[in-house]
Amino acid sequence: MTATAPAAEATVRKSSPGATRGPRRRTGRLRRVGLPYLLLLPALLLELLVHLVPMVIGIVMSFKELTQFYIRDWGTAPWAGLDNYTVSVDFDGPVGQALLHSFLVTVAFTVLSVGLCWLIGTAAAVFMQDTFRGRGLLRALFLVPYALPVYAAVITWVFMFQHDNGLVNHVLHDQLGLTDKPSFWLIGDNSFVALLTVSVWKGWPFAFLIVMAGLQNIPRELYEAAALDGAGMIQQLRRITLPSLRPVNQVLVLVLFLWTFNDFNTPYVLFGKSAPEAADLISVHIYQASFVTWNFGTGSAMSVLLLLFLLVVTGVYLALTSRGRRTAQ
């Protein structure tokens with residue numbers, strides 16, 4: 001009787017479903033956890049190949065005296081150490097002064113472009129919350145600048161900014177009489193206004209799309225309760241809409257800042273290889289320093305400095321926004 005008890009207990013354990021449930025459950029959990037990472041692995045490898053490898057090569061090139069004489073075999077270019085960085089940040093020299101001027105122009109351009117894109121996009125998204133006839137068609141029209149290819153859209157603006165037969169001068173000078181004579185929009189000081197106009201026209205639909213998506217998560221009951229309490233549209237915007245959109249706006253402003261500060265396609269298509277001094281963005285300036293003057297070492301050093309600046313600004317912005325979020329909570 002006592003001898004058969006352990007054997008019977010072992011038989012019960014083997015036949016019970018809980019005996020094999022533990023290993024199978026762990027195996028299934030590993031599969032569920034590891035499968036998403038396995039599916040992301042090809043995209044991660046391609047991302048590293050496309051972005052990380054050129055970044056490492058650019059950093060190595062920034063420490064070399066790489067000019068047109070070493071283009072065929074850039075690995076044989078002599079090491080320059082920190083000379084390229086010293087020349088780039090020497091604001092008393094011509095290279096440093098030009099880089100500083102381009103940096104200040106880019107900062108002013110980015111602040112104005114991001115601010116106007118956010119303001120116009122938010123106003124349009126709030127306006128589109130009300131139901132009216134033709135709202136769907138108007139939403140589609142608002143997204144047209146964002147959906148158009150960059151080159152096609154900017155080339156169209158190039159024709160519109162022409163001095164003699166452009167649409168902008170035709171409207172401002174010939175029809176409205178706001179200017180004494182047709183203006184040059186692609187050269188001189190007006191080039192900054194032209195670049196800002198194209199950037200805002202191209203970028204505000206993205207802000208409109210993101211803010212409109214964020215507005216969908218705000219309960220309508222909050223607006224109805226505020227209206228019953230006597231709150232007007234401005235008070236509802238200040239007390240309900242903007243505080244509720246704070247997480248969305250934090251991400252939106254950061255994305256717009258990075259896109260605008262690094263924008264190369266818009267000024268390149270608008271002005272060509274040599275941008276006017278008033279619209280000399282740092283992306284085009286680095287391109288000129290690398291591919292026009294054939295000094296790839298200095299251009300790579302400028303690119304690394306730009307990368308470090310963007311990393312610092314992004315880190316400070318994320319730290320400040322996360323601290324503000326914790327304080328609000």
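## Exercises on a helical model

Among the contacts in the protein with a separation of 6 or more, 65% are accounted for by residues 24 or more positions apart. The model is predicted, and the exercises below go from the whole chain to its cores and then to single residues.

### Exercise 1: the whole protein

Determine which secondary-structure elements the protein has, and how many of each; then find what percentage of its residues is buried.

*Solution.* Begin with the elements: the protein has 15 helices and zero strands. Next, take the burial of its 329 residues, of which 32% are buried. Finally, turn to the surface, where the protein exposes about 20,700 Å², with 67% of this area supplied by carbon and sulfur atoms.

### Exercise 2: the nonpolar cores

Identify the residues that touch the most other members of the largest nonpolar core, and establish which helix supplies the largest share of this core.

*Solution.* The largest nonpolar core holds 42 residues, and those touching the most other members are Phe-161, Leu-195, Phe-208, Leu-256, Leu-270 and Phe-271. At least two residues of this core come from each of helix 4, helix 7 (150-160), helix 9 (190-215), helix 10 (220-228), helix 12 (246-261) and helix 13 (265-271). The largest share belongs to helix 9, with 13 residues. To follow one member in detail, take Leu-195, which, when residues up to four places away in sequence are not counted, touches Phe-109, Thr-266, Pro-267, Leu-270, Phe-271, Ala-279 and Leu-281. A second core, separate from the largest, consists of nine residues, among them Leu-99, Phe-257, Leu-306 and Leu-310. As general background, nonpolar side chains in soluble globular proteins tend to be buried together.

### Exercise 3: two residues assigned by accessibility

Decide whether Val-126 is buried, partly exposed or exposed, do likewise for Gln-236, and list the contacts of each residue.

*Solution.* Start with Val-126, which is placed in helix 4 (residues 94-127). Its relative accessibility is 29%, and because partly exposed covers the range between under 20% and over 50%, Val-126 counts as partly exposed. Not counting residues up to four places away in sequence, Val-126 touches Leu-215, Leu-237 and Thr-241. The C-alpha atoms of Val-126 and Val-211 are separated by 8.3 Å, although these residues are 85 residues apart along the chain.

Continue with Gln-236, which lies in helix 11 (residues 233-244). Gln-236 counts as buried because its relative accessibility is 15%, and buried means under 20%. With neighbours within four places in sequence left aside, Gln-236 is in contact with Tyr-223, Ala-226, Ala-227, Ala-231 and Thr-241. Thr-241 therefore appears in the contact lists of both Val-126 and Gln-236, by the definition of contact as heavy atoms within 4.5 Å.

Technical notes. Residues numbered from 1 in each chain as written. Predicted model: local features only at pLDDT ≥ 70, side-chain atom pairs only at ≥ 80, totals over all residues. Heavy atoms only, no water. Helix = DSSP H or I, 4+ residues; strand = E, 2+ residues; numbered from the N terminus. Buried < 20%, exposed > 50% of the residue type's maximum accessible area, 1.4 Å probe, protein only. Core = buried A, V, L, I, M, F, W, Y, C linked by side-chain atoms within 4.5 Å. Areas by Shrake-Rupley, 256 points an atom, 1.4 Å probe, with all protein chains shown as cover.
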